[in-house]
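User: Hi, I have just opened this one and would like a slow tour. Could you take me through it piece by piece?
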There are 2 protein chains.
Amino acid sequence: MKELACDLPPGLEVDFGWLLGQALHAYLTATRRAAEDLPSGHRGYQVLSAAVHESARNQIEMARQLGLDRTVMVYLVDDLVKAGLVERRPDPADRRNRLVVATDLGRKRLDEVSCAMDCAEAQLLEPLDEPERETFRQLLRRVVAGHLAHEGAPSTCSVVAESLKDALGADHGDQQRDERAKVDRRGP
Amino acid sequence: MKELACDLPPGLEVDFGWLLGQALHAYLTATRRAAEDLPSGHRGYQVLSAAVHESARNQIEMARQLGLDRTVMVYLVDDLVKAGLVERRPDPADRRNRLVVATDLGRKRLDEVSCAMDCAEAQLLEPLDEPERETFRQLLRRVVAGHLAHEGAPSTCSVVAESLKDALGADHGDQQRDERAKVDRRGP
DNA sequence: TCAGATTGTCTGTGATTCAGACTGTCTTGA
DNA sequence: TCAAGACAGTCTGAATCACAGACAATCTGA
């Protein structure tokens, strides 16, 4: 046990939040170069990916899936539209909705970027052998799926139940902090 | 395979960054209630934890471990000092350093909060059985340890190597975005 | 037809990061 | 002994960013 844990700062190695934060930071660092060609970096990548996979019927649903605020969604999509990677189309079934659909160029760019992302991800998971990587991904998926399933239904732990109450409204709260090359996001 | 993956938005379930971000978000949400009694919330908790475990000899080293900027460290420690949880002591060996040491009260409070944190963590990992949880923690530790070990030595993947170059200087970039009950952090 | 809910957008406010300057201290070399 | 450079901690200012709130357009149900 603990073969590699000795490399971690004492006391922090058991801090689950610290470990998750470090892992996310490592991932963002490793994939920054791959994502920086897209408008808005990692978040642009996620929106583009959601658009290509048609995982949401409107911007709000997409924002909820990605853990973003709906007001942030506006200029993320704006930037992708400006770059010609996605389009906003009126939804014939409900004209309040804007369907965010990827263009051919967007699909092509996503392919390229995804490839670089996979390389970086493999780099991050280098300490694990292949079966371990798959195990890790599976466990991570199950944890996240469990969390999403619990989001609507209050849990048994009162601490968690209480904290969920005021966190339902688009809190997100993490993800990348790069790509500050945002210039004219807001008109005068 | 993929028993639970069907609960995740299509296309995103394979996005490693999205999974990590969601997991961290879930953790922060679950532990918010536990950490909000401490000054500066989660980050206050991490600084206090580092102080109790004496994982660093000065503020800058502590900031590096926690992935914080050194200028942020100042008022995080300020708030903890104000609450009587830690003390700044001059380092007799090097008077440039300030040793951040926990008080008895700080140690007691950390114990209490850690207990609540563990409860929330267990809640988060509920979808996994006990051996799986330990496996998950181990794999996470190894990934993070691998990343930290690579930080100084350039890797073989050029993409990653390049991105590391400009990310060495206090970039961090994730962690919590809560606890906005900061009032008088800066004097007039 | 009308009240209420929902989507997308815009604006303002406050929080937060981060570069840069500065002081006090240590180290090194002449 | 002294000067120059490096480093820790602090403070300030600028830029960025999240998010609540308001708004118009639209849909739904009575």
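Analyst: Gladly; in chain A, which has 188 residues, 44% of the residues are buried, and please keep in mind throughout that this is a predicted model.

User: What is chain A built from, in terms of helices and strands?
Analyst: Chain A has 7 helices and 2 strands, and, read from the N terminus, its elements follow the order α-α-α-α-β-β-α-α-α.

User: What share of the chain A contacts with a separation of 6 or more comes from residues 24 or more positions apart?
Analyst: In chain A, 53% of the contacts with a separation of 6 or more are between residues that lie 24 or more positions apart.

User: Which residues of chain A does the UniProt domain annotation cover?
Analyst: The UniProt record, which is an unreviewed entry, places "domain: HTH marR-type" on residues 13–145 of chain A. Over that stretch the chain is 68% helix and 8% strand, and the C-alpha atoms at its two ends are 25 Å apart.

User: Let's look at the helices, then. How do H1 and H2 of chain A sit against each other, roughly parallel or roughly perpendicular?
Analyst: Helix H1 of chain A, residues 16–35, and H2(A) have axes that come within 9 Å and cross at roughly 70 degrees, and H1(A) and H2(A) are therefore roughly perpendicular to each other. On the H1(A) side the contact is made by A:Leu28, A:Thr31 and A:Ala35, and on the H2(A) side by A:Gly41, A:His42 and A:Tyr45. Sorted by class, the residues of this contact are 3 nonpolar, 3 polar and no charged.

User: And what about H2 and H5 in chain A?
Analyst: The axes of helix H2 (residues 41–53) and helix H5 (residues 104–124) of chain A come within 10 Å and cross at roughly 120 degrees, so H2(A) and H5(A) are oblique to each other. The crossing of H2(A) with H5(A) is left-handed.

User: Which residues meet there?
Analyst: From H2(A) they are A:Tyr45, A:Leu48, A:Ser49, A:Ala51 and A:Val52, and from H5(A) they are A:Gly106, A:Arg107, A:Leu110 and A:Val113. By class, this contact of H2(A) with H5(A) has 6 nonpolar, 2 polar and 1 charged residues. You may recognise A:Tyr45, which is also part of the contact between H1(A) and H2(A).

User: Changing chains now, what does H2 pack against in chain B?
Analyst: H2(B) packs with helix H4 of chain B, residues 70–82, at an angle of about 80 degrees and with the axes 10 Å apart, so H2(B) and H4(B) are roughly perpendicular to each other. In that contact B:Arg43, B:Gly44, B:Val47 and B:Leu48 of H2(B) meet B:Leu76, B:Val77, B:Asp79 and B:Leu80 of H4(B). The class count for the contact of H2(B) with H4(B) is 5 nonpolar, 1 polar and 2 charged residues.

User: Which residues does B:Leu8 touch?
Analyst: Leaving aside residues up to four places away in sequence, B:Leu8 touches A:Arg141, A:Val144, A:Ala145 and A:Leu148 from chain A, as well as B:Glu13. B:Leu8 itself is in the segment before helix H1 (16–35) of chain B.

User: Why does B:Leu8 count as buried?
Analyst: B:Leu8 counts as buried because 22 other C-beta atoms lie within 10 Å, where 20 or more are needed. B:Leu8 and B:Leu19 are 11 residues apart in sequence, and their C-alpha atoms are 9.7 Å apart in space.

User: Where is B:Glu121, and is it buried or exposed?
Analyst: B:Glu121 is in helix H5 of chain B, residues 104–124, and with 20 C-beta neighbours inside 10 Å it counts as buried. The C-alpha atoms of B:Glu121 and B:Met73 are separated by 26 Å, with their positions 48 residues apart along the chain.

User: One more topic: which backbone angles should I look at?
Analyst: Most residues other than glycine have a negative phi. A:Glu54, however, has a positive phi of about 50 degrees although it is not a glycine, and B:Ser40, also not a glycine, has a positive phi of about 70 degrees.

User: Where do those two sit?
Analyst: A:Glu54 is in the loop between H2 and helix H3 (59–66) of chain A, where it is partly exposed, with 14 other C-beta atoms within 10 Å. B:Ser40 lies in the loop between H1 and helix H2 (41–53) of chain B, and B:Ser40 counts as buried, with 26 C-beta neighbours inside 10 Å.

Methods. Residues are numbered from 1 along each chain as its sequence is written. Chains are lettered from A and ligands numbered from 1 in the order in which they are written. This is a predicted model: local features need pLDDT of at least 70, side-chain atom pairs count only at pLDDT 80 or more; totals for chains, interfaces and linings use all residues. Axes are lines fitted to C-alpha atoms, for helices over the stretch in contact, and angles run from 0 to 180 degrees between N-to-C directions. Helices (H or I, at least four residues) and strands (E, at least two) are DSSP runs, numbered from the N terminus. Angles under 35 degrees count as roughly parallel, over 145 as roughly antiparallel, 65 to 115 as roughly perpendicular and the rest as oblique. A crossing is left-handed if the near helix is turned anticlockwise from the far one by less than a right angle, and right-handed if clockwise. Two residues are in contact if their C-beta atoms, placed from the backbone, lie within 7 Å. Ala, Val, Leu, Ile, Met, Phe, Trp, Tyr, Cys and Pro count as nonpolar, Asp, Glu, Lys and Arg as charged, and the others, Gly among them, as polar. UniProt positions are given in the numbering used here, feature names are shortened, and annotations may be inferred rather than shown by experiment. A residue is buried if 20 or more other C-beta atoms lie within 10 Å of its own, exposed if 12 or fewer, and partly exposed in between; C-beta atoms are placed from the backbone.
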